[in-house]
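Here is a small set of exercises for getting to know a protein model. Try each task with the structure open, then follow the worked solution.

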Amino acid sequence: MLNKLRGITKTKSFHICMIIIIITVILFVVGMLVLRYNVEGEKNMPFELSKIAIISSQEGIDDGQTDTRWSFDVHQANDLYLYIEKNNEYDKTEIIKSININNFQIETENKDNVKIYKPDTEEENVLFKYKDENIVENIEYLGDVESDLKNLKISNQGGIIAFRCSNNYVTKYKSDEEEINHSELLKKAGITEEKLRMSLTFNLNIILESGKEYQAEVKTELPTGNVIEEGNTSTEITDLTDIVFKRIKN
């Protein structure tokens, strides 16, 4: 019996079968590791997205018509603040070169009128302003000694970046009232939640001076809360387990 087994192990077909089994096991292990990485992403990044704060509001912009006392184009704005923090468990020194926000994808009824705005550099006391020159398709915050939202700078050891996603020209509102409360314009115009509801998806890239680059897809539903009834709403998202960063360079 032993001699028979020895004879089998010396055959060419046996060796071919063993090679096939070994290759299959290796491919299976590699496949499982790739699948796990795609699901879990990087487990120990030097910098992390720790929180997303969203402020939803409404605003009437004078359209210049004079047939009534007030005549507004009503916009529904969503200001997103992304908090990038240093991972204290990361044992190497890294420096942020830049943070990029790009590949914006929007699903909503009013899609063509939804615009992305960068912070305004001119208005001292206002972060976002409805100007054509502030409309962007991507935003880059450069790493610096200190964060400066208006000048698109983030501390190279972590800070806050922001942008506005605005649903423009949701409706027009005209009135001859003495005073107008901008926080009630959507309600007075009879706008429904369905008309405002949108899904926003974008890529967040963290680029380091060392050459490493991490990318994650971020998806959120806007506006937050009942902005029609409340006028201004806000929320903070701290459960970010569904946002998976992957290393795309180095």
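In what follows, Ala, Val, Leu, Ile, Met, Phe, Trp, Tyr, Cys and Pro count as nonpolar, Asp, Glu, Lys and Arg as charged, and the others, Gly among them, as polar. The model is predicted, so local features need pLDDT of at least 70 and side-chain atom pairs count only at pLDDT 80 or more, while totals for chains, interfaces and linings use all residues. Residues are numbered from 1 along each chain as its sequence is written, and side-chain values use heavy atoms, with hydrogens and water left out.

**Exercise 1: a pocket**

Describe the second largest pocket by its volume and its lining.

Step 1. Start with the term: on a 1 Å grid over the protein atoms alone, a pocket is an open set of points where a 1.4 Å probe fits, with protein on both sides within 12 Å along at least five of seven lines, and lining residues have an atom within 4 Å of a point. Grid points are joined across faces, edges and corners, and a volume is the space filled by probe spheres set on the points.

Step 2. The second largest pocket has a volume of about 210 Å³.

Step 3. Its lining holds 14 residues, and those nearest the centre are His75, Tyr117, Asp132, Asn168 and Tyr169. Two or more lining residues come from each of β2 (70–86), β4 (114–117) and β7 (159–175). Strands such as these are DSSP runs (E, at least two residues), numbered from the N terminus.

Step 4. Sorted by type, the lining has five nonpolar, three polar and six charged residues.

**Exercise 2: the five-strand sheet**

Find the order of the five strands in the open antiparallel sheet, then name the edge strands.

Step 1. Two strands pair if DSSP finds at least two bridges between them.

Step 2. The order is β4-β7-β2-β1-β10. The edges are β4 and β10, each of which pairs on one side only.

Step 3. Walk across the sheet. β4 and β7 are antiparallel over four bridges, with Lys115 and Ser166 as bridge partners. β7 and β2 run antiparallel and are joined by 14 bridges; here Leu82 is opposite Ile161. Next, β2 and β1 (residues 47–62) pair over 15 bridges, and Ile52 faces Leu82 there. Finally, β1 meets β10 (residues 233–237) over five bridges, where Ile55 is partnered by Ser234.

Step 4. On average, neighbouring strands of this sheet are turned by 20° against each other, direction ignored. Axes here are lines fitted to C-alpha atoms, and angles run from 0 to 180 degrees between N-to-C directions.

Step 5. Is β2 largely enclosed or left open? Buried means under 20% relative accessible area with a 1.4 Å probe, protein chains only. In β2, 13 of the 17 residues are buried, so the rest of the structure largely encloses this strand.

**Exercise 3: the six-strand sheet**

Which strands stand at the edges of the six-strand sheet, and why does each have a side without a neighbour?

Step 1. The six strands follow the order β6-β5-β3-β8-β9-β11 in an open sheet with mixed pairing.

Step 2. β6 (153–155) and β11 (246–249) are at the edges with a single partner strand each, so one side of each has no neighbour in the sheet. Neighbouring strands are turned by 30° against each other on average, direction ignored.

Step 3. Now look inside the sheet. β3 (residues 96–108) and β8 (residues 198–208) are antiparallel partners over ten bridges, and Glu107 has Ser199 as its bridge partner in β8.

**Exercise 4: three linked rings**

Trace how ring pairs link Phe104, Phe163 and Phe202.

Step 1. Rings of Phe, Tyr and Trp (its six-membered ring) pair if their centres lie within 6.5 Å; planes under 30 degrees apart count as stacked, over 60 as edge-to-face and the rest as tilted. This rule gives five aromatic pairs.

Step 2. Phe104 and Phe202 make a tilted pair, 5.9 Å centre to centre with 40° between the planes. Phe104 sits in β3 and Phe202 in β8, 98 residues apart.

Step 3. Phe163 and Phe202 make an edge-to-face pair, 5.3 Å centre to centre with 85° between the planes. Phe163 is in β7 and Phe202 in β8, so this pair ties together parts 39 residues apart in sequence.

Step 4. Check burial: Phe104 counts as buried at 17% relative accessibility, Phe202 is buried at 1%, and Phe163 is buried as well.

Notes
Buried means under 20% relative accessible area, exposed over 50%, partly exposed in between (1.4 Å probe, protein chains only).
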